[in-house]
Amino acid sequence: MQYDVVVIGSGPGGYVGAIRCAQLGLKTAVIEKYKTFGGTCLNVGCIPSKALLDSSEHFHNAAHTFTTHGINLKDLKVDMKQMIARKDDVVAQNTAGITYLFKKNKIDSYVGVGSFVDKNTVLITKEDGSTETLTAKNVIIATGSKPTALPFLPIDKKRIITSTEALNIKEVPKSMVVIGGGVIGLELGSVYARLGTKVSVVEFLPSIIATMDAGLGKELQRVLKKNLGMEFYMGHKVTGATTKGKTVTVTAETPKGETISLDADYCIVAVGRTAYTEGLGLDKIGITVEERGKKIPVNEHLETSVKGVYAIGDVITGAMLAHKAEDEGTYVAETIAGQKPHINYNLIPGVVYTWPEVASVGLTEEQLKEKGTKYKAGSFPFKASGRAKASMDTDGFIKVLADASTDEVLGVHMIGPRAADMIAEAVIAMEFRASAEDIARTCHAHPTYTEALKEAALAATDNRAIHI
C-alpha cells in the first residue's frame with residue numbers, strides 16, 4: 001500500500017484527522033476536490049460568516065451605541081466591497097494555514113475528486129480529466145455537506161440563494177427573506193440586518209433554533225426583533241418563490257391556512273444541510289447511504305460496514321458542527337493507531353454567533369422533562385452583571401440545570417455576550433461530572449461575564465444567587 005491512511009475531504013474533520021494520523025506516524029494523504037483546503041467551514045461557512053458577523057457588528061455599534069460611549073462619528077457608511085475583501089483575506093489566511101500544516105506534518109495532498117475503486121483503492125479525477133490512483137490500508141470519508149434545497153423552490157444563485165452566495169453580496173440589500181430560523185439563517189440574517197437591511201425570517205416550526213433549550217429561542221427572537229428590527233413569521237410553511245427583475249416574491253401559508261407573500265431583494269434558503277456523498281462510488285464497495293439526509297451508517301468506532309473504511313463529520317449521523325468533525329477525525333486516527341479514544345456526544349456544545357451569542361451543552365429542560373428526570377434549574381440575567389452593564393450587553397441569561405438529588409450539572413444554556421467562549425467552562429465542568437456547587441464555589445474573576453455562570457450555578461445549588 002502507498003499509504004496507511006487516505007482522507008477524502010480537507011474540511012475540519014478531514015484535515016484534523018489527517019494531521020493526527022501523521023502525528024501518530026501513519027503515512028497519510030488527503031484528497032480535496034477544490035483548489036483550497038478547509039472545506040465548507042474555512043471557505044464558505046464558519047470562518048467567512050464570522051468575519052462578516054464581526055464587521056457588521058462593528059458597524060452596528062458605530063451607528064447605534066458609540067454616541068452613548070462618548071464617541072461621535074459623522075458620514076458613517078458601509079463599504080461592502082471592502083467588507084467582502086476583508087472576509088476573503090481572512091479565508092485566504094486560514095486556508096493557507098492548512099497548506100502549511102500539511103507540509104509541516106509531511107502529509108501528501110492531491111486536488112481532484114476521490115472515488116472508490118475498491119476498499120483499498122481510491123481514484124482521483126482531476127479538473128483536466130486526468131486520473132491517478134492511490135492505495136491505502138485505511139480510508140476516511142470526510143466529504144462534509146451541502147445546503148439543502150427545497151424541491152419546489154429552485155435556487156438560481158442570483159436572487160434565490162444559499163448561504164454560500166450570501167457571503168458575497170456586493171451591496172447592502174434593502175430587504176431580504178430568510179427561509180429557516182436555524183443557526184445559518186439567523187447568523188446571515190443578522191449580518192445584513194445590522195447593515196440596514198429589512199430582514200424577514202420565515203420558519204415552519206413554532207420557535208427559532210428549535211433544537212436548543214426553548215428559553216434561548218424565545219429570548220433570541222425578542223432581542224433580534226428589538227435590536228435589529230428583524231421580523232419573524234413563525235409556523236409558516238413556504239410554498240414557493242418567484243423572481244421578477246431584481247425582486248423575489250416568497251409565498252407562505254400561515255398557521256391559519258391563509259396565504260401571504262413577501263417581496264425582497266434576496267431570498268436566502270437556509271433549511272439545513274445534506275450529507276455530500278455523490279461521486280464517491282460507495283456502491284462499488286457495498287456501502288448504502290440512508291434514505292433521508294444521505295448519511296453514511298457507521299458503528300461505535302465510526303467504521304462503515306466495510307472494514308478499514310471510516311466516515312466522520314457531516315456525512316454521518318449527529319450534529320453538523322465543525323468541532324464535532326474535528327473530534328471525530330482525531331478519534332478515528334487514534335483508533336487506527338490502536339488507541340482507545342472516546343467522544344461524549346452529549347457534551348458537544350452548540351453555538352449561534354448572533355449578538356447576543358447563544359451557546360448550549362448537555363440536556364435541555366424539555367429533554368429532562370421528557371425523560372422524567374428530576375432536576376433543579378438556576379438562572380441569572382446579564383442585566384444584573386456589572387461587566388455586562390459596563391459593555392452595554394445586558395440582554396440574555398445563563399441557565400444551569402442540575403440533578404435534583406446529586407447536584408450533577410446536566411445542562412447549561414446561555415444567551416449573552418461571548419457565550420460562544422463561555423460555554424467551554426461548562427463543557428469542562430460537565431466532562432469532569434461537576435456539581436452545580438463545584439462551579440458555584442470556584443472563584444471567578446470580577447468583573448467578567450463568566451460570573452453569570454457562577455451565579456446561575458448558585459441559583460441551581462440552593463437558590464442562593466448573590467447579585468439578584
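Helices, as the term is used here, are DSSP runs of H or I with at least four residues, numbered from the N terminus, and with that convention the helix labelled α3 contributes the most to the lining of the second largest pocket, giving eight residues. The model under discussion is a predicted one, and the account that follows moves from this pocket to the helix packing, then to some features of the backbone, and finally to an enclosed space.

The second largest pocket has a volume of about 820 Å³. Among the 31 residues that line this pocket, those closest to its centre are E57, N61, W355, S391 and D393. The elements that give two or more residues to the lining are α3, spanning 46–64, α7, spanning 214–228, α10, spanning 386–391, and α11, spanning 419–431. In chemical terms the lining of the second largest pocket is mixed, since its residues divide into ten nonpolar, ten polar and eleven charged.

From α3, the reader can turn to the packing of this helix against α4. The two helices α3 and α4 pack at an angle of about 140°, and their axes are 9 Å apart. Angles count as roughly antiparallel only when they are over 145 degrees, and α3 is therefore oblique to α4. The crossing in which α3 passes α4 is right-handed. On the side of α3 the contact is made by I47, P48, A51, L52, D54 and S55, and on the side of α4 by M83, I84, R86, K87, V90, V91 and N94. Sorted by class, the contact of α3 with α4 holds eight nonpolar, two polar and three charged residues. The loop between α3 and α4 is the place of D75, and the phi of D75 is near 55°, a positive value in a residue other than glycine.

Helix α4, which covers residues 80–104, also comes together with helix α1, which covers residues 12–23: the axes of α1 and α4 come within 10 Å and cross at roughly 20°. Angles under 35 degrees count as roughly parallel, and the two helices α1 and α4 are therefore roughly parallel to each other. The crossing of α1 and α4 is left-handed. Here the contact is made by Y15, A18 and I19 of α1 together with I98, L101 and F102 of α4. The residues of this contact of α1 with α4 divide into six nonpolar, no polar and no charged.

Helix α1 has a further partner in helix α8, which covers residues 322–336; α1 and α8 pack at an angle of about 30°, with their axes 7 Å apart. As with the preceding pair, the relevant limit is 35 degrees, and α1 and α8 are therefore roughly parallel to each other. In this case α1 passes α8 in a right-handed crossing. The residues P12, G13, Y15, V16, G17, R20 and C21 in α1 meet A322, A325, E326, G329, T330, A333 and E334 in α8. By class, the contact of α1 with α8 has seven nonpolar, four polar and three charged residues. Y15 of α1 thus appears both in the contact with α4 and in the contact with α8.

The backbone also contains cis peptide bonds that precede proline. The peptide bond from W355 to P356 is cis, with omega near 5°, and W355 is one of the residues closest to the centre of the second largest pocket. P356 is found in the loop between β18, which spans 350–352, and β19, which spans 357–362. The peptide bond from H446 to P447 is likewise cis, with omega near -5°, and P447 lies in the loop between α12, which spans 436–440, and α13, which spans 451–462.

Enclosed space remains to be described. Rolling a probe the size of a water molecule over the atoms shows where empty space is left. The count comes to one cavity of 30 Å³ or more, and the largest cavity has a volume of about 50 Å³. The residues that line the largest cavity are P147, T148, S163, I184, V269, A270, V271, G272 and R273. The lining of the largest cavity divides into five nonpolar, three polar and one charged.

Conventions:
Residues are numbered from 1 along each chain as its sequence is written. This is a predicted model: local features need pLDDT of at least 70, side-chain atom pairs count only at pLDDT 80 or more; totals for chains, interfaces and linings use all residues. Side-chain values use heavy atoms; hydrogens and water are left out. Axes are lines fitted to C-alpha atoms, for helices over the stretch in contact, and angles run from 0 to 180 degrees between N-to-C directions. Angles under 35 degrees count as roughly parallel, over 145 as roughly antiparallel, 65 to 115 as roughly perpendicular and the rest as oblique. A crossing is left-handed if the near helix is turned anticlockwise from the far one by less than a right angle, and right-handed if clockwise. Contact means heavy atoms within 4.5 Å. Ala, Val, Leu, Ile, Met, Phe, Trp, Tyr, Cys and Pro count as nonpolar, Asp, Glu, Lys and Arg as charged, and the others, Gly among them, as polar. On a 1 Å grid over the protein atoms alone, a cavity is a set of points where a 1.4 Å probe fits but cannot get out, and a pocket is an open set with protein on both sides within 12 Å along at least five of seven lines; lining residues have an atom within 4 Å of a point. Grid points are joined across faces, edges and corners, and a volume is the space filled by probe spheres set on the points.
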